[in-house]
Amino acid sequence: MITYWCRAAWLPDGVAEGVRIDVEDGLIGAVAVGEKPSGNLLSGIVVPGFANTHSHAFHRALRGRTTDDRGSFWTWRERMYAVAHRLEPDSYYRLARAVYAEMVAAGYTSVAEFHYLHHPARGGRYDAPNAFSYALVAAAADAGIRLTLLDTCYVAGGFGKPVEGVQRRFDDGDAEAWAVRFESFRPVGDLVRIGAAIHSVRAVPAEQIPTVVRAAADRPLHVHLSEQPRENEECRAATGRTPTELLAAAGALTPNTVAVHATHLTDGDITALSGCWACLCPSTEADLADGIGPARRLADAGTRLCLGSDGQTIIDPWFEVRALELHERLASGHRGRFDVTELLRAGTAHAASGWPEVGALAPGRAADLVHVGTGSVRTAGAGGPGILYAATAADVADVMVAGRWVVRDGVHQTVPDVARELDREIGALWS
């Protein structure tokens, strides 16, 4: 057992001063408040590790490269496809390792990877049909982050359309073939779990959605939902239903379902999502001009909220957490739409990705800790829970995952020069 003394720590009932945390075998053994300093000192504020509930790791290669014209979500998608065309399992491993290291250094201790890059660009299949999946598992293990690999079914190029171009890399043929490959995936490691995903109602025909739901069973089931008005219009034209109504009819809305974005919803859609999760990705939704989703209305209707970095325009959980509130302020004209407890809960909602034991500094919970400094020009003077509105990824000093320090003094312990790794791998993809 190792004991840490925290000047301040965000416990389940709020920020407390003088907190002792005992860690043993990857778990928090005991927490005590009001004790004098002893043992290992953490002089800033300690918070639970953040959960990145929606990630496309390879999108990191697009940062700063899609802003030279006005464009739209759909023109942005063409550049994303260009990167997807160039990746192979070995290059994806190297890129994802650096991206996941960037995430841990920012304060994330788990990531749900919405993974749909499955097959060779030249056509056919790899000898190892889950080669990309295993590459991502290895990347996350080396970066020291918990991974939920969401194997994604993507078998159509739109309503009534076949896949084309680079989309063939995503396509298993149909949902049954996808399910066979999905069930054959057997990752090894204490920090990896698997789930399933329906890419979108555009990419999985309605009659095949139940196959994905059955394969997911009691594991997490994620889906892109109503990110763009065009998606809703095409869905209504093809099926007479909204995307949410289509998923509900297929039995895809369960307590394990995470609706990603959930931006353009009807009143009926919001009601139907009660009991599910909704994952908002504020930095990406702003970058792609998706719009501001009805987060407060979803929460009030009984939908649990979580957050993701999605397109990696920014990898900063502190930004995503406060943007949940700030975007609501812009949309509503009112402040205080979410209190700090709700914001932290959304930012640490590891249960949405199948890690219910993670996300709180309490006895018996996983020892995932983020120690943030309070002496920078950003955090100086910020007190208690106000740290959520002050800190950025640059203020993270130390990160513990499952009882092991992965970041110390701002330096990742296995990828010490994350910027150099990112620069090299992204440069190679674009050269």
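# Reading buried residues and helix packing

Author: S200 is located in the loop between β8 and α5. The model before us is a predicted one, and this loop residue is a suitable place to begin.

Reader: Is S200 buried or exposed?

Author: A residue is called buried when its relative accessible area is under 20%. The relative accessible area of S200 is 0%, and therefore S200 counts as buried. Apart from neighbours within four places in sequence, S200 is in contact with V223 and H224.

Reader: Which other loop residues may be read in this way?

Author: S226 is one of them, in the loop between β9 (221-225) and α6 (229-239). Its relative accessible area is 0%, so S226 is buried. The phi angle of S226 is near 50 degrees, a positive value in a residue that is not glycine. D310 may be set beside S226: D310 lies in the loop between β12 and α11, and its phi is likewise positive, near 50 degrees, in a residue other than glycine. With a relative accessible area of 4%, D310 is also buried.

Reader: How should one read the buried residues of a helix?

Author: The general idea is one of geometry. An α-helix has 3.6 residues a turn, so residues three or four places apart point the same way. Consider helix α4 (residues 175-184), where A175, W178, A179, R181 and F182 are buried. Around the axis they cover an arc of only 165 degrees, and they therefore lie on the same side of α4.

Reader: What covers the buried residues of α4?

Author: The covering elements include β7 (146-153), β8 (192-198) and α5 (209-216). The N-terminal end of α4 deserves attention as well. D174 caps that end, with a side-chain oxygen 3.2 Å from the backbone nitrogen of E176.

Reader: Which residues are buried in helix α12?

Author: In α12, which spans residues 340-347, the buried residues are L343, L344, A346 and G347. Viewed down the axis of α12, these buried residues fall within an arc of 160 degrees, so they line one face of the helix. Among the elements that cover them are β1 (2-11), β4 (40-48), β5 (50-55), β12 (304-307) and α11 (317-332). At the start of α12, a side-chain oxygen of D339 comes to within 3.0 Å of the backbone nitrogen of T341.

Reader: How does one describe two helices that pack together?

Author: Two packed helices are described by the angle between their axes and the distance between the axes. Take α2 (residues 89-106) and α3 (residues 131-143): their axes come within 8 Å and cross at roughly 35 degrees. The crossing of α2 and α3 is right-handed.

Reader: Which residues of α2 and α3 meet?

Author: From α2 come P89, Y92, Y93, A96, R97, Y100, A101 and V104, and they meet A131, F132, A135, L136, A138, A139, A140, D142 and A143 of α3. By class, this contact of α2 with α3 has 15 nonpolar residues, two charged residues and no polar ones.

Reader: What is the relative accessible area of A143, and what does A143 touch beyond its sequence neighbours?

Author: A143, in helix α3, has a relative accessible area of 0% and is buried. When neighbours within four places in sequence are left aside, A143 is in contact with R97, Y100, A101, V104, V406, H412 and T414. Distance along the chain should be kept distinct from distance in space. The C-alpha atoms of A143 and D171 are 28 residues apart along the chain and are separated by 29 Å.

Reader: How far apart in space are V401 and I145?

Author: From C-alpha to C-alpha, V401 and I145 are 6.9 Å apart, with their positions 256 residues apart in sequence. V401 belongs to strand β14 (residues 396-401) and counts as buried at 3% relative accessibility. Its contacts, without neighbours up to four places away in sequence, are T109, G144, R146, L191, A367, D368 and V406.

Reader: Where does A393 lie, and which residues does A393 touch?

Author: A393 is in the loop between β13 (369-372) and β14. Beyond residues up to four places away in sequence, A393 touches A105, A106, I315, D316 and W318. For A393 and D190, which are 203 residues apart along the chain, the C-alpha separation is 26 Å.

Methods
Residues are numbered from 1 along each chain as its sequence is written. This is a predicted model: local features need pLDDT of at least 70, side-chain atom pairs count only at pLDDT 80 or more; totals for chains, interfaces and linings use all residues. Side-chain values use heavy atoms; hydrogens and water are left out. Buried means under 20% relative accessible area, exposed over 50%, partly exposed in between (1.4 Å probe, protein chains only). Helices (H or I, at least four residues) and strands (E, at least two) are DSSP runs, numbered from the N terminus. The arc is that of the directions from the helix axis to the C-beta atoms. Contact means heavy atoms within 4.5 Å. A polar contact is a pair of N or O atoms within 3.5 Å; within protein, one must be able to donate a hydrogen and the other to accept it, and residues adjacent in sequence count only if both atoms are side-chain atoms. Axes are lines fitted to C-alpha atoms, for helices over the stretch in contact, and angles run from 0 to 180 degrees between N-to-C directions. A crossing is left-handed if the near helix is turned anticlockwise from the far one by less than a right angle, and right-handed if clockwise. Ala, Val, Leu, Ile, Met, Phe, Trp, Tyr, Cys and Pro count as nonpolar, Asp, Glu, Lys and Arg as charged, and the others, Gly among them, as polar.
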